[in-house]
Amino acid sequence: MTDSANTVLITGNQGYIGAELTRYLRDRSYGVVGLDTMYYTECHGSSNAVGATKQIVKDIRDLAPNELDGVRAVVHLAGLSNDPLGDLSPALTQEINHVASVKLARFAKEREVERFIFASSCSVYGIAATDCALSETSPIRPVTEYAKSKALVERDVGAMADARFHPVFLRNATVYGPSSRLRLDLLVNNLLAWACASGKIMVMSDGTPWRPLLHISDFCQAVLAVLEAPLSKVSNQIFNVGRNEDNLRVSEVAEIVRRTVPGTTVEILSRVSSDERTYRVNFDKITGALPHFKPVHTVHGGIEQLYRDYLRLGLVKEDLDAPRFFRVRWMKHLMATGRLNKELRWTTECEPA
Ligand SMILES: NC(=O)c1ccc[n+]([C@@H]2O[C@H](COP(=O)([O-])OP(=O)(O)OC[C@H]3O[C@@H](n4cnc5c(N)ncnc54)[C@H](O)[C@@H]3O)[C@@H](O)[C@H]2O)c1
């Protein structure tokens, strides 16, 4: 184990972002303790293979305080990770995403963890009342259980900040890009998968909603910048994470995908989506406060990179219909087959090794 001055506990380290963040921080000489209940590991054909220095297989609801001993910082990613998953059970969304997160922060504070970096989301802006880009001081309007849970963690963990405990809240734009734990239920990843596997880019709305986008490795860079920043710059701060240039309408993303993948067409369903979110976000604060955060990926370049990855993977139409790359479908599959109970806990005999 690397010394504790350099040890980070990443919850949710076996997920889409967590797997990449684990590798990214390990490559930069951090020790990574991973904690994850492994909901999605078998979707990717391998079990515990993301390379943490130490892996704890546990539900965050069952965490013990001593698991935080010797840790300098927590990066808290674990949770039901999008709006549809949050709608699966509003009560469990609050139990896992809000209550267990606050408990984790309390344990972290008790055990003298210095920094607690929380993966919040631009989803807290909900349905923006304006086309102007929203900053961290703009009013939030979370509309889903998922977004409400993020806002509640910001409020409750923010209240714990003091001279020794320094929470930081990263309101991430919608992430895209390659990962060893790929998700296809994220906007860019999804539209590109449709293009590659079917030749048709399906836009499930009228294409007008705004979405800020963030390349997965730029998110990793933001976490590193927060880990290495002077505390005075980050303590109890909220940062929108993304690039001003990457606020795009869904139809614009579809058009970039169309230009990237030869021979594809765009189909815009021109109906009001069940997902009502639309917001443009201003990212000046993070770039001003953290000079080491220099997001480098344009959406165009990121899509080309992801396209090459999809070609290597050989995505096919069946992948769009199967549950394994779609979080809510996979959870429903685990419940329907009795592997998870209604509390979203593994049934004993099925717990992954
Ligand atoms: N992906 C995005 O675009 C995006 C944008 C903004 C915020 N976020 C936030 O970033 C975090 C990571 O997102 P992701 O895309 O990697 O999600 P993901 O679903 O791929 O990964 C989440 C991980 O958390 C684990 N997990 C879930 N519930 C758990 C529990 N009760 N105990 C222990 N482990 C549990 C899962 O097994 C999984 O490995 C999430 O909190 C998400 O809300 C993601």
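In this predicted model, an oxygen atom of the ligand lies 2.6 Å from an N or O atom in the side chain of Asp 36. Two further pairings of this kind involve ligand oxygen: one places an oxygen atom of the ligand 2.8 Å from an N or O atom in the side chain of Arg 327, and the other places an oxygen atom of the ligand 2.8 Å from a polar atom that belongs to the backbone of Ile 17. The protein covers 99% of the accessible area of the ligand, which amounts to 830 Å² when the ligand is taken on its own.

The shell around the ligand is drawn from several parts of the chain, and the elements that contribute two or more residues to it are the helices α1 (16-27) and α4 (145-158) together with the strands β5 (115-121) and β7 (174-176). Strand β5 gives the largest share, with three residues. There are 30 residues around the ligand, of which Asp 36, Leu 77, Ser 81, Tyr 146 and Arg 183 come nearest, and Asp 36 is thus both one of these residues and the residue whose side chain offers the N or O atom at 2.6 Å from a ligand oxygen. When the shell is sorted by class, 14 of its residues are nonpolar, ten are polar and six are charged.

Aromatic rings provide a second set of contacts, and the structure holds four aromatic pairs. In one of them, Tyr 39 and Tyr 40 are arranged edge-to-face, with 6.0 Å from centre to centre and 65 degrees between the planes of the rings. Both Tyr 39 and Tyr 40 are buried. Tyr 39 also pairs with Trp 346, and because the planes of these two rings stand at 50 degrees, with the centres 6.1 Å apart, the pair is tilted. Since Tyr 39 belongs to the loop between β2 (31-36) and β3 (54-57), whereas Trp 346 belongs to the segment after α12 (327-336), this pair ties together parts of the protein that are 307 residues apart in sequence. Tyr 39 counts as buried because its relative accessibility is 8%, a value under the 20% that sets the limit for burial, and Trp 346, at 12% relative accessibility, counts as buried as well. Taken together, Tyr 39, Tyr 40 and Trp 346 form one aromatic cluster.

Charged side chains are also found over aromatic rings. Arg 211 lies over the face of Tyr 279, at 5.8 Å from the centre of the ring, while the charged end of Lys 285 is placed over the ring of Phe 239, at 5.0 Å from its centre.

Two individual residues illustrate contrasting surroundings, namely Gln 55 in strand β3 and Glu 318 in helix α11 (residues 317-321). Gln 55 has a relative accessibility of 18% and therefore counts as buried. The side chain of Gln 55 makes a polar contact, at 2.9 Å, with the side chain of Asn 13, and a polar atom of the Gln 55 side chain lies 3.5 Å from the backbone oxygen of Gly 34. Glu 318, by contrast, has a relative accessibility of 54% and so counts as exposed, the limit for this class being over 50%. The C-alpha atom of Glu 318 is separated by 20 Å from that of Val 266, a residue 52 residues away along the chain.

Notes:
Residues are numbered from 1 along each chain as its sequence is written. This is a predicted model: local features need pLDDT of at least 70, side-chain atom pairs count only at pLDDT 80 or more; totals for chains, interfaces and linings use all residues. Side-chain values use heavy atoms; hydrogens and water are left out. A residue is near a molecule or strand if one of its heavy atoms lies within 4 Å of it. A polar contact is a pair of N or O atoms within 3.5 Å; within protein, one must be able to donate a hydrogen and the other to accept it, and residues adjacent in sequence count only if both atoms are side-chain atoms. Accessible areas come from the Shrake-Rupley method with a 1.4 Å probe; for residues, only the protein chains shown count as cover. Helices (H or I, at least four residues) and strands (E, at least two) are DSSP runs, numbered from the N terminus. Ala, Val, Leu, Ile, Met, Phe, Trp, Tyr, Cys and Pro count as nonpolar, Asp, Glu, Lys and Arg as charged, and the others, Gly among them, as polar. Rings of Phe, Tyr and Trp (its six-membered ring) pair if their centres lie within 6.5 Å; planes under 30 degrees apart count as stacked, over 60 as edge-to-face and the rest as tilted. Buried means under 20% relative accessible area, exposed over 50%, partly exposed in between (1.4 Å probe, protein chains only). A charge sits over a ring if NZ of Lys or CZ of Arg is within 6 Å of the ring centre and within 35 degrees of the ring normal.
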